[in-house]
Amino acid sequence: MKHILENKMKEAGVRILYNTTFSKAVTDGKKVCGVVVENIEGRKAFTSKMVVDCTGDGCVAADAGCAFEVGEDGDYTECQAMTLMFLVGNIPEKYKDGLMIYEKLNAAYQKAGKEIPFKVPYLIPVPNTHFGVIQFTHMYNYNPLDAMDLTDAVIEGRQQLIDAFEYLTKYDDEFKELELITSASVLGVRESRRINGEYTMELNDLLNGTEFEDAVARVTFNADLHTKSNKGQRCFYVKPYTVPMRSLIPEGYDGIIVAGRCISGTREAMASYRVSGNCCQMGENAGYAISEAIKTDTDIRKVKINRKLTL
Ligand SMILES: Cc1cc2nc3c(=O)[nH]c(=O)nc-3n(C[C@H](O)[C@H](O)[C@H](O)COP(=O)(O)OP(=O)(O)OC[C@H]3O[C@@H](n4cnc5c(N)ncnc54)[C@H](O)[C@@H]3O)c2cc1C
């Protein structure tokens, strides 16, 4: 997939720059004019007509001064749990299509005299192999905008997965031969900044299936909050709905749009549109809208999206 995407970018004339971290927004008042980045060359600035902030955390928008929300009325401890995924091998043949692994893990935790950190773990198979990833570790109360907290969450995640692996192989006969291959190289953060945009997606938009004229994504995924209160998930059904371009435009700012989980929405709304397929649609259509805006010298707010939504 990585190779295919790189080739698609090449075909489209996109220049990719890896191993580079965003550092500062270049601004002129409430207009974003570029970014300062850091990489092997040191610090470097790129100027631009428009920036699309797809950092997940809205890093560029926040640094430029755009307002944002985080957690429940600013309480970051209510943000959805973080997860460090891990890859295992030698999955028993009978579970090669996947397994809700709570019963087994919980029994193993009980035998070890420990409390399980998450009640809806899932073993996700890698098709046609004996490998699978386990979505299990859940780290609560860490601040997704604090570098030290993010580090501590990784360390706790690694401990949780080592514990889970140890208890499972020790106490469950079916998983005795399971192999621990690796822990994820990146901590999974489900929720952080939600930039305040020209339109804020709300729960009612999901429940009513709102169709926006300036839609950039069609969402069918139900809402799914990984909550600390029940160490599980709070889910509710949505009616297929769309996300408007206005939710990608930080209120009062020019030269920047955001795409992905950091767009403008309440926590409940974000719990649905945050998943990958939706973020991909937003990113693709944001890129399209920006290229139109630049080619025709039009304000991004006036660009007609008019694209067939993929879902
Ligand atoms: C554990 C876990 C399991 C999930 N499972 C599923 C699932 O099964 N199906 C599904 O559809 N969704 C799933 N999701 C949700 C989904 O993966 C995310 O919500 C989605 O990827 C968010 O997309 P995004 O583009 O906003 O951010 P991301 O996918 O996080 O992309 C942001 C990118 O920006 C880069 N970046 C960030 N900051 C900087 C910076 N300062 N400088 C340079 N680059 C930067 C990051 O490296 C990253 O590549 C899961 C999420 C988690 C945490």
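**Notebook: strands, cores and a ligand shell**

I started with strand β8 (residues 122-125), which pairs with β9 in the antiparallel sense over four bridges. My note on terms: strands (E, at least two residues) and helices (H or I, at least four) are DSSP runs, numbered from the N terminus. Two strands pair if DSSP finds at least two bridges between them. I looked up one bridge here: L123 has I134 in β9 as its partner.

Before going on, I wrote down that this is a predicted model, where local features need pLDDT of at least 70 and side-chain atom pairs count only at pLDDT 80 or more, while totals for chains, interfaces and linings use all residues. Residues are numbered from 1 along each chain as its sequence is written.

**The sheet.** I followed the strands outward and got an open sheet of five, in the order β7-β8-β9-β6-β10, with antiparallel pairing. Which strands are at the edge? They are β7 (99-100) and β10 (179-183), each pairing on one side only.

**Domains.** I checked the domain assignment: domain 1 is 2-76 + 191-302 and domain 2 is 81-183. Such bounds come from an automatic or database assignment. The C-alpha centres of domain 1 and domain 2 are 30 Å apart. I found nine residues of domain 1 in contact with eleven residues of domain 2; contact takes C-beta atoms, placed from the backbone, within 7 Å. On the domain 1 side, the touching residues are two nonpolar, four polar and three charged. For these classes, Ala, Val, Leu, Ile, Met, Phe, Trp, Tyr, Cys and Pro count as nonpolar, Asp, Glu, Lys and Arg as charged, and the others, Gly among them, as polar.

**P144.** I found P144 in the loop between β9 (132-135) and α4 (147-171). Why does P144 count as buried? P144 is buried because 21 other C-beta atoms lie within 10 Å. The cut-offs: 20 or more such atoms within 10 Å is buried, 12 or fewer is exposed, and in between is partly exposed, with C-beta atoms placed from the backbone. Leaving aside neighbours within four places in sequence, P144 is in contact with Y76, C79, V189, E191 and S192. I also looked at R190: its C-alpha atom is 9.1 Å from that of P144, though they are 46 residues apart along the chain.

**Ligand shell.** I found 20 residues around the ligand, with G56, T83, G188, G260 and V275 the closest. Being near here means a C-beta atom, placed from the backbone, within 6 Å. Domain 1 and domain 2 each give at least three residues to the shell. Helix α7 has the largest share, three residues.

**First hairpin.** Next I went to β1, which pairs with β2 (residues 31-39) in the antiparallel sense over seven bridges. F22 has V37 in β2 as its bridge partner. Two residues sit between the strands of this hairpin, and G29 takes a positive phi near 65° there.

**Cores.** I ended with the largest nonpolar core, of 41 residues, where V243 and L248 have the most contacts inside it. Helix α2 gives this core the most, five residues. Apart from it lies another core, of 28 residues, including L99, L105, F118 and Y167. A nonpolar core is a set of buried Ala, Val, Leu, Ile, Met, Phe, Trp, Tyr and Cys residues joined through C-beta atoms within 7 Å. By contrast, I saw that helix α1 (residues 2-11) is hardly covered, with zero buried among its ten residues.

Note on methods
Two residues are in contact if their C-beta atoms, placed from the backbone, lie within 7 Å.
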